[in-house]
Amino acid sequence: MGQRFSLSLRFRFFAVLGGLLIVAMIALGVISKWLIFPALQAEERTAVQRELDRAERSLILNQENLLAQARDWAHWDDTYRFIEGSNPRYTEVNFSQQMFEDMNYHLMAFFTLEGNIHFLAGLDPATGRYQTCVTAADHCAWMTPWVETMQSAIANQVDPTTLYIEQWPAMVAASQVLHTDESGPPNGWLFKVRALNNAWLERMADYTGLPISLQVTQNIAETPTRLTFLGNHVHASRQFPAFGTEQAVTVEIELNRAQYLANLTTFRYILLWTAGLMLLVIGMVLLLLERMVLKPLRQLTAFTQSASLQKDNGELTQRQDEIGILSRAFMEQLTCQHQLNAELLKMSTHDSLTELPNRRLFDQRLTCAVSQATEEDEPLAVMMLDIDHFKLYNDYYGHQKGDECLQQVATALHNVANQHDFLIARTGGEEFSALLPGVTPKAATEFANALIAAVDRLQLSHATSPVRAFVTISVGIGMLKDSETSLPSAVMGTADQALYLAKASGRHCVVLFKPPLASPSISKQNTPL
Ligand SMILES: Nc1nc2c(ncn2[C@@H]2O[C@H](COP(=O)(O)OP(=O)(O)OP(=O)(O)O)[C@@H](O)[C@H]2O)c(=O)[nH]1
């Protein structure tokens with residue numbers, strides 16, 4: 001049973017489509033894990049990097065802007081003369097708290113070419129008050145570390161714009177002091193410092209639209225950019241090394257992952273729907289296969305297995321699809337087969353000329369009748385009939401007429417047999433046999449006479465017959481009880497002997513076999529009746 005199920009179409013369809021579904025699911029999973037999710041993450045990474053780049057560009061732009069302002073001041077005859085000491089009103093005219101605040105400067109330092117302080121001005125980080133000094137001491141002591149770093153930059157190679165970290169992070173721009181037409185020789189250095197404080201951050205946030213914050217980090221990382229994904233937000237940072245230290249200014253932005261999470265949710269929905277749809281489609285295909293193919297096939301199998309055509313309830317043959325066509329074709333074939341079988345059966349059991357049962361059928365019935373009569377101790381009569389001088393008939397009228405004569409005689413005999421409910425068969429050329437179960441010798445004799453009379457009534461001319469001018473028959477009757485043995489052949493032998501006697505006695509008569517006839521000599525008792 002199990003093996004038959006595993007070989008069935010239903011199982012194979014289930015197995016193939018189920019397998020297909022599993023493969024598709026695995027493929028979806030693999031594609032999601034190795035292609036889609038990494039692609040979404042890469043896209044998010046790129047978007048965050050882009051935002052970091054934007055923050056960096058703003059920082060650089062701001063630095064370049066500061067540098068441009070430093071150069072503007074440094075390449076100016078007034079500044080040149082101020083360094084020379086021939087412009088006493090320079091500071092008074094150009095410097096004020098308002099100017100520092102407006103320009104977002106925190107310190108401006110003028111140096112000689114050798115790096116000696118010429119003039120310092122700045123906003124005290126503690127009080128926010130504007131101060132000017134010619135030395136970084138006393139009330140300008142907060143400037144000292146800045147001044148030392150700048151002097152170290154002058155002593156080495158001055159980077160025109162860079163980041164400094166001294167107490168707080170700042171961007172610094174430096175330029176040599178030249179004439180307004182940028183002719184030399186240079187006679188000093190001008191440094192401008194812009195603190196990267198909260199006010200600056202607020203301006204940057206306004207300018208970029210990004211929530212930028214700054215950190216001073218003590219170690220410079222190998223990779224300046226760092227992205228940390230935390231639930232629904234991402235923390236991105238990029239380091240910028242500060243001048244002359246191992247420290248760095250780290251620009252940080254905190255971004256919402258809403259876009260990524262929305263993409264992820266959308267994709268998960270798509271994934272879910274795709275899986276659901278696949279499941280639905282395969283389920284539908286299986287259902288349709290079951291209803292449209294497998295169930296009708298099973299019905300067709302049951303239908304073909306049933307022996308009788310009568311079992312067709314029309315459900316299959318009335319269908320208009322391929323199954324219906326197949327069923328109808330099968331039905332036609334089956335009907336044709338049945339007809340052929342019936343014809344073959346008739347051909348094998350009936351005589352084609354007279355349509356009476358033939359010897360084969362007669363012998364079968366005789367065997368059954370003999371055993372039944374023996375078992376039930378019932379009488380059984382058999383007859384052998386022969387057309388008298390049929391050779392002469394054939395010779396005179398021809399074979400064709402002989403056939404017609406045989407047919408007419410057969411019909412007459414059949415009608416009598418039918419009327420009295422016994423079997424008559426054509427068992428030889430012009431020889432017939434009858435089987436009469438439960439019939440006594442007396443009744444058998446009456447039936448035999450009825451048969452002779454029926455043939456007589458035909459009045460078929462037989463011009464050359466020495467018996468009558470028409471076709472006649474002779475009949476020999478044998479009874480089972482008078483037979484030596486219960487063998488069918490022995491019973492028929494008694495009838496044959498009786499017929500022989502009938503022929504010998506002048507024909508056109510009935511002879512009933514009597515037991516003494518069982519001996520080789522024919523008894524007188526077997527005289528024509
Ligand atoms: N037309 C025709 N003749 C047949 C057929 N079968 C047998 N015969 C003929 O029947 C004749 C039988 O002849 P016989 O056996 O000598 O017997 P009979 O002439 O009838 O003589 P008795 O039986 O002694 O009266 C033969 O001539 C056969 O050719 C048949 O199917 N059609």
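How do the residues of the shell around the ligand divide into nonpolar, polar and charged? Five are nonpolar, five polar and seven charged. Here Ala, Val, Leu, Ile, Met, Phe, Trp, Tyr, Cys and Pro count as nonpolar, Asp, Glu, Lys and Arg as charged, and the others, Gly among them, as polar.

This is a predicted model: local features need pLDDT of at least 70, side-chain atom pairs count only at pLDDT 80 or more, and totals for chains, interfaces and linings use all residues. Residues are numbered from 1 along each chain as its sequence is written.

Stay with the ligand. It is surrounded by 17 residues, each with its C-beta atom, placed from the backbone, within 6 Å of it. The closest are Phe390, Lys391, Gly402, Gly429 and Glu430. Strand E11 (380-387), helix H11 (390-397) and helix H12 (399-419) each supply at least two shell residues. Helices (H or I, at least four residues) and strands (E, at least two) are DSSP runs, numbered from the N terminus.

Now turn to the strands. E8 (residues 225-230) and E9 (residues 233-241) run antiparallel, joined by six bridges; pairing requires at least two DSSP bridges. Phe229 has Val234 in E9 as its bridge partner. Two residues separate the strands of this hairpin, where Gly231 takes a positive phi near 55°.

E9 also pairs with E10 (residues 248-256), antiparallel over nine bridges. Arg238 bridges to Val251 in E10. This hairpin has six residues between its strands, and Gly244 in the turn has a positive phi of about 70°.

Finally, confidence. Mean pLDDT (the predictor's confidence in each residue, from 0 to 100) is 88 for the chain, with 94% of residues at 70 or more. Over residues 517-529 it is below 50. Where pLDDT is low, the predicted coordinates should not be read in detail.

Note on methods: Two residues are in contact if their C-beta atoms, placed from the backbone, lie within 7 Å.
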